[in-house]
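Biologist: Could you take me through one part of this model up close? I would like to see how its strands are put together, and I am happy to follow along residue by residue.

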Amino acid sequence: MNQIKRLKNSVEPWKELMAQIDDVQALYDLAVESGEQGEEAEIRSQLDEAQKNYEQQSRMSLLSGEVDASSAFLSIHSGAGGTEAEDWAFMLSRMYSRWAERRGFKLETVDLLEAEGGIKSVTFQIDGDYVYGFLKGEAGIHRLVRISPFDANARRHTSFASVYVFPVLDDTIEVKIDPKDLRVDTYRSGGKGGQHVNKTDSAVRFTHLPTGIVVACDSERSQLMNRATAMSILKSKLYEYYKQEKEKENSKYSAEKKDISWGNQIRSYVFQPYTMVKDLRTRAETGNIQAVMDGDIDQFIEAYLNAMWKGLPLDAEDDGEDAQ
């Protein structure tokens, strides 16, 4: 049923666009036949609307990869910057949470490592149609420039966090994992204390020895449920890893393995001395940084899809900001 729904959603907009073009053609033919000049503005308006719809559907046609229609796991890790970077990772986690909420997607935290200043790392599972297709361009290093609230001297600080996105695989995509290649560790989940403290080793960590990939889940009280979720994450990561090895394109996988520091960023978020969010690959930018931090990142997602559609290079370029 999900596949039928997706196919229908990919076909119906094109049918509507064809009908829209037919209407514009009919209006144009009537205007030519009657010699009426006053219809020109209406024809141009409808033609512009049809052009926008065409471009939107053309971008959506890029989301035709094997896993583009899937839900996604999204991981955020704090990098260089200490407490400031941990707060930045928390801010990014809120941004993506709000984006998922705006889109009507379901979001669940499957792994969380908190820190005094915010979070060291977090992994979300975001469920919905084409979540991976939309978010795959978000993978990389994100940089924050602001006057730190943790600095008594009110100096400008630069902090970094990495974002990594990989698909939630369904049963139609098989990833074989040899049990001999796994190291399994169990430990107690963190808690608030009191009656909520976890008294059993319910949290699970898998280490895939051949690749060195490590995944963990501590969101459930049941070790069996945490094992199932961790295995799903591991299969998704291995799918991405082997796919990129086959294609000799390790950019997505290496996004999480790069130094989370200066020179590797894909997007800058500047709060002071001016406000601007700028994507260093597509050159898309906006001054409304508060809206972006509230989850309004569709303009950057669309710019990335547009660049893919037009075949433009997507290598990040230095934006000239000096680190302080």
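Modeller: Start with R183, which stands opposite T207 in β7. In this predicted model, β7 covers residues 203-208 and is joined to β6 by six bridges, the two strands running antiparallel. They belong to an open sheet of three strands, ordered β6-β7-β8 with antiparallel pairing. Because β6 (182-187) and β8 (213-217) each have a single partner strand, they stand at the edges, and one side of each is left without a neighbour in the sheet. Neighbouring strands here are turned by 15 degrees against each other on average, direction ignored.

Now move along to β10, where strands pair on either hand. Strand β9 (residues 265-270) runs antiparallel to β10 and is joined to it by four bridges; the two form a hairpin with five residues between them. Strand β11 (residues 285-286) is also antiparallel to β10, through two bridges. V277 is a handy residue to click on: its bridge partners are Y269 and, in β11, T286. The hairpin of β10 and β11 has five residues between the strands as well, and R283 there takes a positive phi near 65 degrees.

Both faces of β10 are covered, with M276 and K278 buried on one side and V277 and D279 buried on the other. Finish at D279, which lies in β10 (residues 276-279). Its relative accessible area is 0%, so D279 counts as buried. Leaving aside neighbours within four places in sequence, D279 is in contact with I266, R267, A284 and F300.

Technical notes. Residues numbered from 1 in each chain as written. Predicted model: local features only at pLDDT ≥ 70, side-chain atom pairs only at ≥ 80, totals over all residues. Heavy atoms only, no water. Buried < 20%, exposed > 50% of the residue type's maximum accessible area, 1.4 Å probe, protein only. Contact = heavy atoms within 4.5 Å. Pairing = 2+ DSSP bridges. Axes fitted to C-alpha atoms, helices over the stretch in contact; angles between N-to-C directions.
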